[in-house]
Amino acid sequence: MTAKRPITIGLTGSIGMGKSTVAAMFADAGVPVFDADAAVHALQGPGGRTVAAIESAFPGVTGPNGVDRAALGAKVLGDPAALARLEAIVHPAVGEERAAFLAAHASAPIVLFDVPLLFETGGESRVDRVVVVSAPPEIQRARVLARNGMTPEKLDAILARQLPDGDKVTRADFVVPTGGSIDATRRAVSAIIACLEGRETPLS
Ligand SMILES: CC(C)(COP(=O)(O)OP(=O)(O)OC[C@H]1O[C@@H](n2cnc3c(N)ncnc32)[C@H](O)[C@@H]1O)[C@@H](O)C(=O)NCCC(=O)NCCS
Ligand SMILES: Nc1ncnc2c1ncn2[C@@H]1O[C@H](COP(=O)(O)OP(=O)(O)OP(=O)(O)O)[C@@H](O)[C@H]1O
């Protein structure tokens, strides 16, 4: 007999689509949530496990507060070979955090991985089901432009680096609409949980 393990969900979506809000709804419903961005920040922060290796690969980008992400970003974003070298350091360490999280929640029916760049980093193949948050582009723009320090030019640059919303939706197992009321979004989250918990054949 195969041991039961949690169903793993990967949650993703483009900037401002409401991913953090929806991750919090899953957490409220009792689903353990792993925040990949927070894991990367901790690994690169003061005392973080990847700081020394990042300093060796990219001299001058670390200090007492760990990695200076703006300085590192300037070296790797736009340089695919440099980004690949950074990923070769960061991704295995995130993988270890993910494994520890999964082990800590081995008896949960469902766990959720909140991964902003799930498709871009190949994370799709590491989860059982993919959930994408999506809202109409004008709502997304209005939300992001309301944030401090955001400009239309910055937003366009970020969007140009992300897989378009339409492609994410096409590759999703479930889409959570975030362009309407919070209640409607919460109902969509509940329906996904009910659907996954009501499975008849346990995933191996
Ligand atoms: C390069 C870093 C230091 C820049 O940090 P910074 O806080 O300045 O920007 P942020 O993280 O918001 O990224 C800005 C944009 O860069 C792009 N980007 C960042 N990492 C990646 C990546 N691995 N692949 C493709 N695009 C990327 C995204 O479009 C993102 O919106 C940081 O993104 C990083 O360490 N990336 C490598 C680790 C990684 O893959 N993270 C993704 C989550 S697992
Ligand atoms: N139906 C809805 N579902 C989700 N968020 C909504 C909804 N209606 C309004 N919002 C608002 O939209 C904003 C979405 O922000 P949130 O931080 O969740 O997005 P995000 O996708 O995690 O952003 P980013 O990827 O840029 O970090 C929040 O202020 C939230 O209150």
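Which residues of helix 5 are buried? They are L86, V90, V94 and R98. This is a predicted model, and its protein is divided into domain 1 (6–32 + 110–198) and domain 2 (39–104). Ligand 1 lies between the two domains, since both of them give residues to the shell around it. Here's a quick tour, starting with the domains and working through ligands, helices and strands.

**Domains**

- Domain 1 is made of two stretches, 6–32 and 110–198, while domain 2 covers 39–104.
- The C-alpha centres of domain 1 and domain 2 sit 24 Å apart.

**Ligand 1**

- There are 20 residues around ligand 1, and R69, L72, G73, V90 and R161 come nearest.
- Four elements give two or more residues to this shell: helix 2 (36–44), helix 4 (69–76), helix 5 (80–104) and helix 7 (152–161).
- Sorted by class, the shell around ligand 1 has 12 nonpolar, three polar and five charged residues.
- Domain 1 and domain 2 both contribute to the shell, so ligand 1 lies between them.

**Ligand 2**

- Ligand 2 is surrounded by 15 residues, with G18, K19, S20, T21 and T178 the closest.
- Helix 1 (19–28) and helix 9 (182–197) each supply at least two residues of that shell.
- Helix 1 has the largest share, at three residues.
- The class breakdown around ligand 2 is four nonpolar, nine polar and two charged residues.

**Helix 5**

- Helix 5 has 25 residues and spans 35 Å from its first C-alpha to its last, close to the 36 Å expected at 1.5 Å a residue.
- That helix isn't perfectly straight: a kink of about 30° is centred on E87.
- Look at the numbering of the buried set in helix 5, namely L86, V90, V94 and R98.
- An α-helix has 3.6 residues a turn, so residues three or four places apart point the same way.
- V90 turns up twice in this story, as one of the buried residues of helix 5 and as one of the residues that come nearest to ligand 1.

**P152 in helix 7**

- P152 is found in helix 7, one of the elements that give two or more residues to the shell around ligand 1.
- Is P152 buried or exposed? P152 counts as exposed because it has 10 other C-beta atoms within 10 Å, and the cut-off for exposed is 12 or fewer.
- P152 and R126 are 26 residues apart in sequence, and their C-alpha atoms are 34 Å apart in space.

**Strand 1 and its partners**

- Strand 1 (residues 7–12) pairs in parallel with strand 6 through four bridges.
- Strand 1 also runs parallel to strand 5, and five bridges join those two.
- On the strand 5 side, I7 has I110 as its bridge partner, and T8 is matched with V111.
- On the strand 6 side, G10 is partnered by V130, and L11 stands opposite V131.
- Five of the six residues of strand 1 are buried, so the rest of the structure largely encloses this strand.

**Strand 5 and strand 2**

- In strand 5 (residues 110–114), five of the five residues are buried, so this strand too is largely enclosed by the rest of the structure.
- I110, L112 and D114 point one way from strand 5, V111 and F113 point the other way, and all are buried.
- Strand 2 (residues 33–35) pairs with strand 5 in the parallel sense over three bridges.
- Within that pairing, V33 has L112 as its bridge partner.

**Strand 6 and strand 7**

- Strand 6 (residues 129–134) has five of its six residues buried, so it is largely enclosed by the rest of the structure.
- Which strand do four bridges join to strand 6, besides strand 1? Strand 7 (residues 174–177) does the job, running parallel to strand 6.
- V131 stands opposite F174 in strand 7, and V131 also stands opposite L11 of strand 1.

Conventions:
Residues numbered from 1 in each chain as written. Chains lettered and ligands numbered in written order. Predicted model: local features only at pLDDT ≥ 70, side-chain atom pairs only at ≥ 80, totals over all residues. Near = placed C-beta within 6 Å. Nonpolar A, V, L, I, M, F, W, Y, C, P; charged D, E, K, R; others polar. Domains from an automatic or database assignment. Buried ≥ 20, exposed ≤ 12 C-beta atoms within 10 Å, placed from the backbone. Pairing = 2+ DSSP bridges. Expected span 1.5 Å × (residues − 1). Bend = angle between axes of the 7 residues up to and from the residue.
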